[in-house]
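Grab a pencil and work through these exercises with the structure open beside you. Try each task yourself before you read its solution.

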Amino acid sequence: MPELPEVETLCRQLQTRIAGKKILSTKVCDQKLDGIGNVRGLRVLGVCRRGKTVEMRLEGGQCIIIHLRMSGRLFWRTGRCRESHTRWRITLEGGGIDLVDPRRFATVRVISDPPEALTNDLMGSFDFRKFLQSQAGRRVPVKTLLMDPKAIAGIGNIYACEILHASGISPLRPAAALDETEWKKIFRQARRILRRAIAGRGTSISDWRDLNGCPGENQKALKVYGREGEACVRCGGIIVRIRQSGRSTYCCPRCQKE
């Protein structure tokens, strides 16, 4: 699933490519997406990210909200040729965008009023005190909390593993057992890791591609995710893979203490 860095990459590329352009037409290619509002003739004012969603702000106050879910991708095209598994197309001045989604989980909505900015986005507005008061006392494992979009927007499995490894904190520790200093360390490492991933246009473990169809480069910088059985780059211990809430968690038991 595309996480914050991947969606931020798309939004930055889209902002450069389509801001100020008029929408010439849209086409639904999958009946599962029927009911998307008509935005033909409207101009794109800007593109931004909200958590893991892409928001295209349009004139007149309307907004296209795209959630890529598990396998959704957005591709820029200049001709009529259509990629396999294309579910929705939008044509603008100078080119168009295809939503390609083999698993058909991605969603597209048109709403009348843009939603308010999030206050739990580490790369935007983030209220640390509010987080400590409302979330840090929960007894769920810290990794589970990092991936909860109601607590922190945009962090998924890959980056949660990387953040906790960089922080030297076990993914199994209850969130409530962490003190303020440890939370500050987690968020400091999170911002560093997310910025690095954005600079690398995301992490291509399987099928992630950017707007131009190119894979990201951040997978080269991963320290723990997908490295089961390898030596930890921090302490030389052996990285293990465990199951948490149906997902694979990668960590180093030697330097990520419970």
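Below are five exercises, each with a worked solution.

The model is predicted, so local features need pLDDT of at least 70 and side-chain atom pairs count only at pLDDT 80 or more, while totals for chains, interfaces and linings use all residues. Residues are numbered from 1 along each chain as its sequence is written, and side-chain values use heavy atoms, with hydrogens and water left out.

**Exercise 1. Helix 1**

Task: Work out how far helix 1 reaches from its first C-alpha to its last, and which of its residues are buried.

Solution:
- Step 1: Find the helix. Helices here are DSSP runs of H or I with at least four residues, strands are runs of E with at least two, and both are numbered from the N terminus. Helix 1 covers residues 4–18, which makes 15 residues.
- Step 2: Get the expected span, which is 1.5 Å times one less than the number of residues. For helix 1 that gives 21 Å, and the model's 20 Å is close to it.
- Step 3: Check burial. Buried means under 20% relative accessible area, exposed means over 50%, and partly exposed is in between (1.4 Å probe, protein chains only). The buried residues are Leu4, Pro5, Glu6, Val7, Glu8, Thr9, Leu10, Cys11, Gln13, Leu14 and Ile18.
- Step 4: Draw the conclusion. Eleven of the 15 residues are buried, so helix 1 is largely enclosed by the rest of the structure.
- Step 5: Look just past the end of helix 1, where Gly20 has a positive phi of about 90 degrees.

**Exercise 2. A salt bridge along a helix**

Task: Find the residue that forms a salt bridge with Arg12, and explain how the two sit in helix 1.

Solution:
- Step 1: Recall the rule: a side-chain nitrogen of Lys or Arg must be within 4 Å of a carboxyl oxygen of Asp or Glu. The structure holds 19 such bridges.
- Step 2: Name the partner. It's Glu8, with the closest N and O atoms 2.8 Å apart.
- Step 3: Think about spacing. An α-helix has 3.6 residues a turn, so residues three or four places apart point the same way. Arg12 and Glu8 are four residues apart in helix 1, so about one helical turn separates them.
- Step 4: Compare the burial classes. Arg12 counts as partly exposed because its relative accessibility is 49%, whereas Glu8 counts as buried at 15%.
- Step 5: Follow the shared partners: salt bridges join Glu8, Arg12, Arg49 and Asp121 into one network.

**Exercise 3. The largest core**

Task: Track down the residues with the most contacts inside the largest nonpolar core, then see which helix supplies the largest share.

Solution:
- Step 1: Pin down the term. A nonpolar core is a set of buried Ala, Val, Leu, Ile, Met, Phe, Trp, Tyr and Cys residues joined through side-chain atoms within 4.5 Å.
- Step 2: Pick out the best-connected members. In this core of 40 residues they are Phe131, Ile152, Trp183, Ile186 and Phe187.
- Step 3: List the helices. Helix 2 (128–134), helix 3 (142–146), helix 4 (157–167) and helix 5 (180–199) each give at least two residues. Helix 5 has the largest share, with eight.
- Step 4: Zoom in on Phe131. Leaving aside neighbours within four places in sequence, its contacts (heavy atoms within 4.5 Å) are Phe126, Ala136, Leu145, Ala151, Ile152, Trp183 and Phe187.
- Step 5: Don't miss the second, separate core, which has 29 residues, among them Leu10, Val47, Trp76 and Leu92.

**Exercise 4. Helix 5**

Task: Say what covers the buried residues of helix 5, and what happens at its two ends.

Solution:
- Step 1: Measure up the span. Helix 5 has 20 residues and reaches 29 Å, close to the expected 28 Å.- Step 2: Look at the cover, which includes helix 1, helix 2, helix 3 and helix 4. Trp183, Ile186 and Phe187 are among the buried residues of helix 5.
- Step 3: Go to the start, where a side-chain oxygen of Asp179 comes within 3.2 Å of the backbone nitrogen of Thr181.
- Step 4: Go to the other end. Arg201 follows helix 5, with a positive phi near 60 degrees.

**Exercise 5. Around Asp101**

Task: Identify the side chains that Asp101 pairs with.

Solution:
- Step 1: Start with Ser71, in the loop between strand 4 (63–67) and strand 5 (73–77). Its side chain makes a polar contact of 2.8 Å with that of Asp101. Such a contact is a pair of N or O atoms within 3.5 Å; within protein, one must be able to donate a hydrogen and the other to accept it, and residues adjacent in sequence count only if both atoms are side-chain atoms.
- Step 2: Add Arg87, which forms a salt bridge with Asp101 at 2.7 Å between the closest N and O atoms.
- Step 3: Check burial: Ser71 is buried at 4%, Arg87 at 2% and Asp101 at 1%.
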